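Here's a protein model to explore at your own pace. Have a scroll around it, then read on.

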Amino acid sequence: MKFRGQFTVFGSAIFCVVVFSLYLMLDHLQLDHTKDPSSLEGFQNGQLSILQDKVDHLEKLLSQNNRIIANIRDSVLNLRKSVKGGFSESGNQSETQVDRLPSAPLKVPIASEDCQFSARTYSKASDSVQMMDVYDLLSFDNPDGGVWKQGFDISYEENEWDNEPLHVVVVPHSHNDPGWLKTFDDYFRDQTQHILNNMVVKLLEDVRRKMIWSEISYFAKWWDNIDSQKRDSVKKLIERGQLEIATGGWVMPDEANSHYSAMIDQLLEGHQWLEKNVGVKPRTGWAVDPFGHSSTQAYILKQAGLSNMLIQRVHYSIKKHFSTQKTLEFFWRQNWDHDSSTDILCHMMPFYSYDVPHTCGPDPKICCQFDFKRLPGGRISCPWRIPPEPITNENVQQRAKMLLDQYRKKSKLFRTKVVLVPLGDDFRYTEAQEWDQQFNNYQMLFDYMNSHSELHVQAQFGTISDYFEILRKKAGINEAGMSVGESQLPTVSGDFFTYADRDDHYWSGYFTSRPFYKRMDRILESHLRAAEILYSLALASTRRFGRPSDYPAVENYKLLTGARRNLGLFQHHDAIAGTGKDWVMVDYGTRLFHSLLNVKRVIASSAHWLVLDDKKAYTYDPSNPVLQIDDVQPAQDSLPRKTVLKISKTPRSLVVHNPSEQSRSSVVNIYVNTPHVRVLTADGHLVIAQISAVWEDATRASTEAFQLSFVANVPPLGLAVYQLIQGLELQTESAQYLFLKDGGAVSVSGMDHFKVSTPQNAVPVLIENPHLQLSISASTGLMKTLKLKEDGSEHSVRVEFLWYGTTSNKDKSGAYLFLPDGEAKKYIPSQPPVIRVTKGPVFSEVTTTFTHVTHTVRLYNVKGVDGQAVEISNIVDIRAEFNREIAMRIISDIGSKDRFFTDLNGFQMQPRRAMAKLPLQANFYPMTSMAYIEDSLRRLTLLTAQSLGATSLKSGQLEVIMDRRLNQDDNRGMGQGVLDNKITANLFRLVLEPRNPTQETKRENTTPLSYPSLRNHISYMYLNHPLMPMATTWDSDMLTLTPYSPLSSSFPCDIHLVNLRTIQSQEGEGPSDQAALILHRKAFDCNIATSNTGLLCSTTRGKIEIQELLSELKVSSLEPMSLSLMHESSSRAVDQEITLKPMEIHTYRIQLR
């Protein structure tokens, strides 16, 4: 009673402080202009600016007020500790509960200004092209276009260039896949190193020769193996403009499956390497091989400071349409951009491929004759059976005019009299002979063309940036993208998925191919980000406390660098796409696997330092770490398994890391060796916990391991400490189980510690939490309805599984292509599934075991974001199937018609339409983070923890393909089927949200804009970045560990910490004292309520004061930079206050101490 009285006093004090603070704010806001009547006119003229200053001041006062309340809250918690004073062995803890975070507001405080962005009405400029409109316009037929089969006949008048000559820029290139038919290392040994070695020799022979290179993963490996003389020659070639580094990323990334954080990471790794070793800042993007193109990549390149970009693999019907409209060169603008700030100049290649037969002009039969690697006697020839001829004085006139005809025809597809002609293919210029064949023959052709003025042409070798410089001059465009002449290029908004290269061959299969590795990629991304942030915080902390001599700063930084590069390598468009040979995928998987082990070491090592109470007691022993992450992946092709923690009467510490920037109450699951466990906070307060069985199969539980689950409360980016002790405890409750099987009895074993029910007759199956209630079919074990407790509404939401086969035609589905044999067929199990229902105080779930899928729906008994979602886990095994693909379909009563939404790289949403004029496979799109359907009243969102292909083929449906087993190659070069399937875990969240109907919802079928809810932004973060438990080893339990909280409060709700990545030292392989702080302000839909989310954040008009957020560390410097740190930014941080526009991603060079 005494404690309750004191708590009431402190509660009253909080209330008084709030009221007094509001009074002070109102007092500050008084605009007293009555003292000097003569100044009234001046006041009126300046009142807007004064009011703005007052609003800014009010925000600071609000922030100060929040800190005051936080301090009082801490005092209350300290008082609670002093009153309760630990725990007693008697277990009499009737008043002791979980140590909770402060209560969250019923609704997230959202500033009205923060809703203006998503509420804006979409308007399209007269000269702009919206890809959704293009899809509506095109018939997607495929008539024979003649020599340009997918195009049309091109003609011209001989005198068209009399006044302005045609300018031809031939760009030699060699596309080097960092793994595809060979592993990265094998390609380097057999081909790439020879290309680069010959490049130095052959470019130095003639200053007119040019070359571009893009993959820094190869370039860095080669650089490490060459001497200083050759390095100096490379720098000389770059300075002379003969060699250009295009894009400069670690790889040429896949643009469908890669998450934007990994796309940024691999670009940053490449640019940082170039800065340190070569001093180069790329200006132009080069992407000839990704299988479809995302506007997210255009935004990333623009933010990194690049001015131009080139793309190639676009649907042949779109290429034809853009060619007829002469819109192949355009400014690519983001859908949500209203002021052209995201515009980047883009060139779309018009023809089938980036090889020589498809780049000089519309007729591949002729262009192939100018690929001099195919001269008679070589290893490759022209499929059209007309070989190239060496250029001689006798034939140069005829050959030059034949080639010029192609150049002229190609130029007719563009608005200027400059034409780009790439000259290369996969792994070209390996041998010195090819360099001579191509450069010598082309130089003779150029010399002839340039010396005959009557031809009105100027031809040259050039780099890709050479081309764009000439294009900008001809089009009257300056470097800022502004038109300074008459020939302004159009703007294009939208993306270029789904890609088809011919007929009905849509490349939607690779959205799902090799899903095991797609999931592994996301797990490494999450762990690497956590390692980067904890490493940066620990490094700054060691500078503050004095770094121990054995602290592994350099060793851990090397591990981080290796992980960055292996994750970057996997973003390659034949890696995460799942389109490499079997043994190449094993090589990628092995790299991901080892990097995952290494970043776990960095996480545990950094956490050890940060939670250690006495920093002087720190010692580093890599063979016996103080902390270890609780799961282990046995091999690169195995699912992770949890380590069973041994619990005894001696308390064992469990450190829990929250990698999100929000204060968080989420469930932690660990395995222990006894069902009798007590969970206590660092202060000795008991925590409600649940003991569940660990299942060895559908009905047999382990007798040696038990799952312990409890709700951990962890501050943003922080580390909480819990104690685990063996002993009986009322607060630790065993789960209860119900088993069902339609038409048969269920035999259960290993359940001595649990209450089990196995009724013979069907019983209603319901699971619920504070927010949701699910009804499950007692015969199929699949969800039927979902009830929202907030408003009492019940909705039909059914789950079913499906099979797709492959067509009986000659061309069948493979790693790239999805060519189904018609609509999906419902999955019908050969025998009734075993249905296992689990109910407990922390979570409840239903697990249904089919032959090919173990399907689990789970509800967390948590108030807030985690409790508002249905977690869906599917363990998929189709290793015994023949030419089959397995899908999950969610069928709801939402009236979505033909419209649905998928994300692009986890960065933005793109509206889609299921089109009857397209084949079924064309309506599948990449789903990197989420997909949703909606009507005017509700939205149903599927969040995903791995990239997969998704669609909505009928109103109210969402469908996702989970795995593919295909017995043949699809004739796109890989040379094999997809038969290396593994037992694969797919993880999702399903969220149903009410919408507030507005005028915007009535117009939305015409707008290309849509944004997730604030709830789902956070829910996606929680799904992909779960809490990370780390247990102490036995001999480290004597150390005193204390919770660590680097921030004084959560980030604003709409600002995401993409990364805090320590920057490399300019000398050696260790870290510098600076880090890249990368922030993303997410746009969100304000028509979806944010009630009961449990979030302790608000929105702040995009403003964030870094120093005020930090609880202990100090900001020594904060410098705005371009996204990849190549350039200083024109925007400045004022007094360490950062302001971000909605959707903006920005990087800052920060120094902490």
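What follows is a short tour of a few spots in this model.

First, a word on confidence. You're looking at a predicted model, and its mean pLDDT is 91, with 89% of the residues reaching 70 or more. Some stretches score poorly, though, and two of them are listed here.

| Stretch | pLDDT | Contacts beyond four places in sequence |
|---|---|---|
| residues 1–13 | under 50 | 11 contacts |
| residues 15–46 | under 50 | 21 contacts |

Now for a pair of helices. Helix α5 covers residues 184–205 and helix α6 covers residues 216–223; they pack with their axes 10 Å apart, at an angle of about 75°. Angles of 65 to 115 degrees count as roughly perpendicular, and α5 and α6 are therefore roughly perpendicular to each other. Who does the touching? On the α5 side, the contact residues include F184, Y187, F188 and L196, while α6 brings in S217, Y218, F219, K221 and W222. Sorted by type, the residues of this contact come out as nine nonpolar, four polar and two charged.

Next up is a sheet. It's an open one with 11 strands and mixed pairing, and you can walk across it in the order β24-β23-β30-β31-β32-β33-β42-β39-β38-β35-β36. What happens at the edges? That's where you find β24 (755–757) and β36 (908–913); each has a single partner strand, so one side of each has no neighbour in the sheet. If you ignore direction, neighbouring strands here are turned by 20° against each other on average.

Let's zoom in on the β36 end. Strand β35 (residues 899–904) runs antiparallel to β36, and six bridges join the two. Look for D903, which stands opposite M909 in β36.

A helix lies across part of this sheet, too. Helix α19 (residues 1014–1024) lies across β38 (930–934), β39 (938–944) and β42 (984–994), and it runs at about 160° to β42.

Finally, pick out one residue, V846, which sits in strand β31 (residues 843–849). Is V846 buried or exposed? Buried means under 20% relative accessible area, and V846 has 0%, so V846 is buried. Setting aside neighbours within four places in sequence, V846 is in contact with a whole list of residues, among them V765, I767, I776, I835 and V857. Take I835: V846 and I835 are 11 residues apart along the chain, and their C-alpha atoms are separated by 6.9 Å.

Conventions
Residues numbered from 1 in each chain as written. Predicted model: local features only at pLDDT ≥ 70, side-chain atom pairs only at ≥ 80, totals over all residues. Heavy atoms only, no water. Axes fitted to C-alpha atoms, helices over the stretch in contact; angles between N-to-C directions. Helix = DSSP H or I, 4+ residues; strand = E, 2+ residues; numbered from the N terminus. Parallel < 35°, antiparallel > 145°, perpendicular 65-115°, else oblique. Contact = heavy atoms within 4.5 Å. Nonpolar A, V, L, I, M, F, W, Y, C, P; charged D, E, K, R; others polar. Pairing = 2+ DSSP bridges. Buried < 20%, exposed > 50% of the residue type's maximum accessible area, 1.4 Å probe, protein only. pLDDT = per-residue confidence, 0-100.
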